[in-house]
Amino acid sequence: MPQIAQLTADNWYLASQLFWLLVVFAGIYVVIGRGMLPKIEATVDARDRKVADDLAAAKAAHAAADKLDESYRQQGDASRAAAQKAVSDAKDKAAKDAEKRLAKVDAELGERLAAAEADVSAARSSAMAEIESVAAEAAGDLVAKLSGVKIAAADAKAAVKAVLHG
Amino acid sequence: MAAESGKIDPMHQFEVTPLGGGFNLGGHEVLFTNSALWMVIAAVVLGLFMWGGMRRQLVPGRWQAAVEGFTGFISNMMMANIGTEGRKYTPYVFSLFMFILFCNLLGMLPLGVLGLHPFTVTSHIAITGVLALLSFSIVLVVGFWRHGLHFFSLFVPHGTPLPMIPFIAVIEFISFMIRPFSLGLRLFVAMTAGHVLLKVLSGFVINGFNAENAVIGSVVSLLSFTLMIGISALELLVAGIQAYVFALLTSLYINDAVNLH
């Protein structure tokens with residue numbers, strides 16, 4: 001096995017192997033391990049960070065869009081409710097107006113009816129009075145003509161009133 | 001691959017041969033070897049691979065996605081095993097993982113077809129042992145730096161009954177001290193065994209075709225070749241798994257030092 005035989009047989013073997021191993025490995029460590037590796041790792045880290053940032057931004061944008069959608073929906077709901085309220089208010093107002101006007105007209109009509117009734121009753125009572133006096137006169141005339149007795153106008157009136165009013 | 005008098009030596013592939021460029025470092029002769037060459041090749045290929053993933057685009061292309069797959073794999077492992085403090089050690093574990101992985105895979109390249117000799121750097125205990133000792137030293141330094149002498153409480157797991165503490169502590173201490181050996185040996189043995197097996201089978205293929213009885217020889221060759229294809233696929237898997245195991249165990253050991261239970 002030359003790997004072990006040469007250790008003792010060739011006096012240059014160990015020194016040469018050690019020297020070149022240390023030179024080459026130190027070169028690799030300095031140039032590649034310390035020089036290139038951190039740059040490559042930095043590139044990877046930067047990419048990872050960028051991906052994470054982009055993902056976070058996308059998530060934030062998604063959340064913002066959701067919020068916007070929600071607020072839009074709320075706004076829609078609110079405006080719909082407002083429109084409904086306006087419509088029902090208008091309806092209420094119209095109904096109240098109509099009621100008021102109706103009541104006014106009703107009252108006016110009632111007044112007019114009452115006045116007319118009063119007129120009628122006044123006319124009736126005046127007519128009644130007239131009938132009474134005419135009836136009393138006619139009764140007086142009739143009595144005078146039939147019996148020749150002259151009755152006082154007041155007596156005839158009382159008698160007629162008694163007959164008329166039962 | 002040396003065919004000396006018809007025999008194929010499956011261990012020849014592990015031999016480290018000097019390619020020149022020697023100099024003296026503190027009394028030791030240091031040569032540029034085929035092992036060093038393949039370390040450099042692994043480093044260069046790894047550098048090119050990483051460089052292709054440095055375009056830093058927001059939407060990665062195929063290459064960038066592949067590189068980020070590797071870095072993400074190790075970062076996640078460190079995060080899962082150690083926590084946020086694990087990020088500090090990611091450069092080390094990542095370098096370790098990628099270096100071992102590329103050495104393992106490059107050693108599997110069928111360059112012998114072109115007359116080249118691929119060499120698996122991680123099939124040498126001298127290499128894997130040093131890497132394991134490096135990880136072990138980091139664990140020790142971090143552990144004593146962060147916890148001081150309290151780091152020794154690592155050897156006494158929570159809830160150990162008082163009379164058991166001496167025994168448990170000894171066992172825990174031995175298992176702790178064995179870590180660098182098991183870590184280095186595991187990779188070295190897995191790589192060596194796989195390559196020896198492939199080389200032995202390829203020897204069967206060659207010797208089968210050269211056999212005197214052409215019929216039996218061809219059957220042996222074809223069967224061995226079919227087996228080689230399957231085992232090559234398995235070895236690719238082992239190359240990845242061993243690199244992963246080395247990195248995973250290193251991260252777990254560092255976790256012991258950082259979080260202390």
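Here is a walk through the structure, stop by stop, with something to select at each one. Keep in mind as you go that this is a predicted model.

**Stop 1: chain B as a whole**

Select chain B and color by secondary structure. You should find 6 helices and 4 strands. Follow the chain along its sequence and the order reads β-β-β-β-α-α-α-α-α-α. If you draw the principal axes, the C-alpha trace covers about 70 × 55 × 45 Å.

Switch on a surface for chain B next. The accessible area is about 13,200 Å², and carbon and sulfur atoms contribute 73% of that. Of the 261 residues in the chain, 44% are buried. Among contacts in chain B with a separation of 6 or more, 65% are between residues 24 or more positions apart.

One last thing before zooming in: color the charges. Chain B has 10 positive and 10 negative ones, and their mean positions sit 15 Å apart.

**Stop 2: the hairpin**

Select residues 18–25 and 28–33 of chain B. These are strands E3 and E4, which run antiparallel and are joined by 5 bridges. Together they make a hairpin, with 2 residues between the strands.

Which residue of E4(B) is the bridge partner of Gly20(B)? Show both strands as sticks and you'll land on Phe32(B). Now slide along to Leu25(B), which stands opposite His28(B) in E4(B). Then check the turn itself: Gly26(B) has a positive phi there, about 60 degrees.

While the sticks are on, a general point is handy: in a regular strand, side chains alternate between the two faces of the sheet.

**Stop 3: where chain B meets chain A through charge**

The whole structure, over all chains, holds 9 salt bridges. Start with Arg87(B) and Glu41(A), whose closest N and O atoms are 4.0 Å apart. Arg87(B) is in the loop between helix H2 (62–81) and helix H3 (90–107) of chain B, while Glu41(A) belongs to helix H2 (residues 13–147) of chain A, so this pair joins two chains.

Buried or partly exposed: which is Arg87(B)? With 40% relative accessibility, Arg87(B) is partly exposed. Glu41(A), on the other hand, is buried, with a relative accessible area of 12%. Add Asp45(A) to your selection too, as Glu41(A), Asp45(A) and Arg87(B) are linked in a network of salt bridges.

**Stop 4: a salt bridge inside chain B**

Stay in the loop between H2 and H3 of chain B and select Glu85(B). The side chain of Glu85(B) meets that of Arg146(B) in a salt bridge, 2.6 Å from N to O. Arg146(B) is in helix H4 (residues 125–147) of chain B and Glu85(B) is in the loop, so the pair ties together parts that are 61 residues apart in sequence. Both partners are partly exposed: Glu85(B) has a relative accessible area of 32%, and Arg146(B) has 35%.

**Stop 5: a salt bridge along a helix of chain A**

Jump to chain A and pick Arg73(A) and Glu70(A). Their closest N and O atoms are 2.7 Å apart, forming a salt bridge. The two are 3 residues apart in helix H2 of chain A, which puts about one helical turn between them. Arg73(A) is partly exposed at 46% relative accessibility, and Glu70(A) is partly exposed at 34%.

**Stop 6: Ala156(A)**

Move along chain A to helix H3 (residues 153–164), where you'll find Ala156(A). The residue is buried, with a relative accessible area of 7%. Beyond its neighbours within four places in sequence, Ala156(A) is in contact with Ala136(A) and Ile151(A). For a sense of scale, run a distance line to Lys50(A): C-alpha to C-alpha, the two residues are 127 Å apart in space and 106 residues apart in sequence.

**Stop 7: Thr250(B)**

Finish back in chain B. Select Thr250(B), which is in helix H6 (residues 214–259). This one is buried, with a relative accessible area of 1%.

What does Thr250(B) touch, not counting residues up to four places away in sequence? Show the surroundings as sticks and look for Tyr92(B), Val93(B), Leu96(B), Ser135(B) and Leu183(B).

Conventions. Residues numbered from 1 in each chain as written. Chains lettered and ligands numbered in written order. Predicted model: local features only at pLDDT ≥ 70, side-chain atom pairs only at ≥ 80, totals over all residues. Heavy atoms only, no water. Buried < 20%, exposed > 50% of the residue type's maximum accessible area, 1.4 Å probe, protein only. Contact = heavy atoms within 4.5 Å. Areas by Shrake-Rupley, 256 points an atom, 1.4 Å probe, with all protein chains shown as cover. Lys, Arg positive; Asp, Glu negative; His and termini not counted. Charge placed at Lys NZ, Arg CZ, Asp CG, Glu CD. Pairing = 2+ DSSP bridges.
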